[in-house]
Amino acid sequence: MREIIIISGKGGTGKTSLTGAFAHLAADKIICDLDVDAPDLHLLLQPAKERQEEFYSGHEAVIIGEKCDGCGLCASLCQFGAIKENGAGFVVDPVRCEGCKVCVAFCPTAAIRFPERHCGQWYVSSTRFGPLVHAQLFPGAENSGRLVMVLKQQARELAKARGADLVLCDGAPGIGCPVISSLSGANLAVAVTEPTPSGRHDLERVAALCRHFQTALAVIINKYDLNGDETARIEVFCHDENYPVLARLPHDPLVTKAMVQGLVVTELPESDFSRELGQAWSRIEALAGLGR
Amino acid sequence: MIVAVASGKGGTGKTTVAASLATIWDGPVLGVDLDVEEPNLNLFLHPVIAGSEMAHMTVPMVEEAKCTYCGACSELCQFKAVSVFNQVILIFPEMCHGCGGCMAICPEKAISPGQRELGEISWGRAGDVGFLSGRLRIGEAMSPPLMRRVKARLDQMLAVTGGDAIIDAPPGVSCPAVNAVMDSDVILLVTEPTPFGVYDFKLAWEAFTPLGKPMGAVINRAGLGNDAIYRFCREKGLPILAEIPYDRAIAEAYSRGRVIAALSPGLEATFVTLRDEIRDLAKPSRSREAAHA
Amino acid sequence: MTMIAVTSEGPSLDDLVDPRFGRAAGFVVVDLETMDIQYIDNGQSQVMAQGAGIQAAELVARAGVSCLLTGYVGPKAFKALSAAGIKVGQNLEGLTVRDAVERFKSNQVEIAAAANRPGR
């Protein structure tokens with residue numbers, strides 16, 4: 001079984017739109033949206049949910065008003081500034097609470113509860129391109145890295161059960177916890193970038209992350225015609241670092257046009273964009289050793 | 001006043017808006033990059049860096065000679081950064097969230113503060129605009145600790161110079177994004193009128209509404225996509241403070257690292273109006289009602 | 001008395017070896033002389049935000065085992081197991097707990113020198 005993850009470093013480079021198109025082009029696969037913070041792939045795939053599970057991660061402190069004698073020790077120990085006196089007594093700000101349990105352990109009157117934190121939901125759905133494993137973290141919740149691992153685990157089990165060769169993942173932007181979790185176990189990362197200073201800079205950071213975790217990386221330059229000089233710089237970078245450039249895709253409102261209709265770009269009538277994308281997918285298959 | 005420029009979806013123009021606002025601001029202002037995973041504000045403001053330092057967080061360090069392997073630290077630690085087996089104590093500094101619990105609970109005072117490198121904080125100036133930025137170390141998983149340190153320095157800098165700050169926040173709606181905006185006075189949500197943009201905008205609105213701060217929307221690439229975003233804003237009573245048209249020339253200027261407020265008198269006027277709208281939004285609600293009366 | 005632990009999808013010798021260590025459903029602890037078994041549920045690990053592998057190492061160390069049989073172990077859990085003096089036999093997923101134990105008894109399980117799952 002192979003695992004391919006589409007990442008970008010910078011947001012808005014077209015990662016999810018391209019993942020959607022690859023989901024259309026790939027044969028036997030399980031699709032997995034690992035951008036649990038702001039997932040968008042479902043807007044293209046219109047999944048029908050078949051299974052829904054709650055996601056709990058870590059704990060949070062809750063002060064029981066009647067038991068609290070107002071000594072304030074918790075507030076002075078909290079390193080996250082999460083406990084404040086609000087006039088009526090001490091309260092925990094759930095947004096700032098890190099779930100470290102220090103206040104719970106030291107409270108002299110045992111006035112702090114420590115329930116599990118309900119952070120979101122995950123789903124297994126069917127789509128017109130095959131099964132989709134996806135999730136929604138509650139807005140403002142933390143620890144998407146753990147949820148990413150849960151989704152990958154589910155996608156792998158599903159792939160095994162259905163005899164699918166491939167798990168195709170849409171990754172999260174950035175280089176932090178969720179992206180690090182996404183890379184774990186991936187055979188190939190495909191970074192979608194754009195010829196802008198931010199695009200190139202973020203590609204360099206995400207490439208360094210892939211090197212750090214020894215994940216093979218290939219690159220797609222989207223909107224290449226926006227800035228020829230930047231495109232050339234990205235190509236030089238990829239050449240120097242031995243990252244294959246899989247495709248140069250034009251800046252084309254076609255992608256948004258497809259999105260508005262709830263379609264992926266390869267479902268629209270054939271275009272230069274979709275032809276180039278089709279070739280990129282063949283190269284990805286070859287690089288990932290699919291179909292051997 | 002601290003203005004946080006945020007967005008649910010990445011790539012909607014957060015940094016563009018933050019850089020443009022900083023450039024046209026009419027008073028002392030600091031551009032602050034809190035998107036520490038992928039900091040890009042410098043690519044548009046082109047600041048001259050005056051100083052930088054490595055930021056660290058406190059993690060446990062054990063003096064084994066004092067440790068009796070009682071396991072109190074390991075039992076308390078929710079992140080498994082400290083673990084005790086019979087006659088061995090293990091520290092996993094990369095797992096530590098910096099709560100200080102192990103140090104506080106150790107009966108032998110065997111755990112002392114050590115350090116983990118989080119990344120770099122740098123500061124400087126771009127013309128009249130002050131600049132402050134955090135840059136997460138590659139491989140570091142947690143961005144909020146570094147963000148907290150950048151924010152602490154921001155408070156110090158504002159205490160000295162006075163004036164306003166414009167924060168470029170990370171994308172998304174989970175803990176790093178909330179961390180970036182929670183100490184601001186006004187939140188600006190930048191979006192684009194596409195299905196992805198609208199969906200993530202709704203998530204951001206849900207995530208930030210409980211913070212109880214004034215919020216306004218900036219619609220970038222107006223004319224692209226559909227009108228769902230306008231309907232949502234109307235429904236929620238969320239003011240649309242500015243619209244930036246979908247225009248290939250803007251995208252090309254952005255790709256050359258240019259601040260778009262400087263592209264045309266029309267765009268400059270858009271940002272000047274946006275600045276005034278933000279000021280108005282930040283006023284206590286009573287005086288805002290009075291102004292509109 | 002030699003005790004070993006096997007990551008398991010359920011409480012019996014006929015359940016399958018859980019390929020995961022930190023977030024295994026549970027651990028079947030086997031006394032190799034009597035073949036008596038005891039089951040340690042690991043359900044609590046599912047809500048842990050991080051460090052499940054380290055916590056699992058603490059759990060099996062407390063049970064007094066000298067060896068762990070499983071599928072995959074990450075580097076932090078491996079370090080913790082080594083610190084506890086517990087040997088690791090890995091890549092045993094797909095077998096039943098009983099088959100894994102039999103393999104171990106007939107010396108067909110190689111003791112790992114390092115983790116077989118990349119760290120994050």
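**Chain B and its interface with chain C**

In this predicted model, a salt bridge joins the side chains of Glu94(B) and Lys76(C), with 3.9 Å from N to O. That pair makes a good starting point for a walk across the interface. Two salt bridges are found between chain B and chain C, and six residue pairs, with both members at pLDDT 80 or more, are in polar contact across the same two chains. On the chain B side, strand 4 (82-85) and strand 5 (88-91) each contribute at least two residues to the surface that touches chain C. Strand 4 of chain B is the leading contributor, with four residues. By character, the residues on this side of chain B comprise ten nonpolar, four polar and two charged.

The extent of the interface can be described in residues and in area. Contacts link 16 residues of chain B with 13 residues of chain C. Together, chain B and chain C bury about 1,200 Å², and carbon and sulfur atoms account for 67% of that area. Three residues stand out here: Lys80(B), Phe85(B) and Phe92(B) provide 49% of the area that chain B buries against chain C, more than any other three residues.

Turning to chain B as a whole, its fold includes eleven helices and eleven strands. A box of roughly 70 × 40 × 40 Å, taken along the principal axes, holds the C-alpha atoms of chain B. The chain has 293 residues, of which 59% count as buried. Among contacts in chain B with a separation of 6 or more, 72% are between residues 24 or more positions apart. The exposed surface of chain B comes to about 11,200 Å², with 52% supplied by carbon and sulfur atoms.

One residue of chain B invites a closer look. Met61(B) lies in strand 3, which spans residues 48-62 of chain B. Is Met61(B) buried or exposed? Its relative accessible area is 45%, and because buried means under 20% and exposed over 50%, Met61(B) falls in between and is classed as partly exposed. Beyond its neighbours within four places in sequence, Met61(B) is in contact with a run of residues made up of Ala110(B), Ile111(B), Ser112(B), Pro113(B) and Gly114(B). As for distance across the chain, Met61(B) and Asn220(B) are 159 residues apart in sequence, and 49 Å separates their C-alpha atoms.

Notes:
Residues numbered from 1 in each chain as written. Chains lettered and ligands numbered in written order. Heavy atoms only, no water. Contact = heavy atoms within 4.5 Å. Buried area = accessible area lost by both parts, 1.4 Å probe. Salt bridge = Lys/Arg side-chain N within 4 Å of Asp/Glu carboxyl O. Polar contact = N/O pair within 3.5 Å; in protein donor to acceptor, adjacent residues only side chain to side chain. Nonpolar A, V, L, I, M, F, W, Y, C, P; charged D, E, K, R; others polar. Buried < 20%, exposed > 50% of the residue type's maximum accessible area, 1.4 Å probe, protein only. Areas by Shrake-Rupley, 256 points an atom, 1.4 Å probe, with all protein chains shown as cover.
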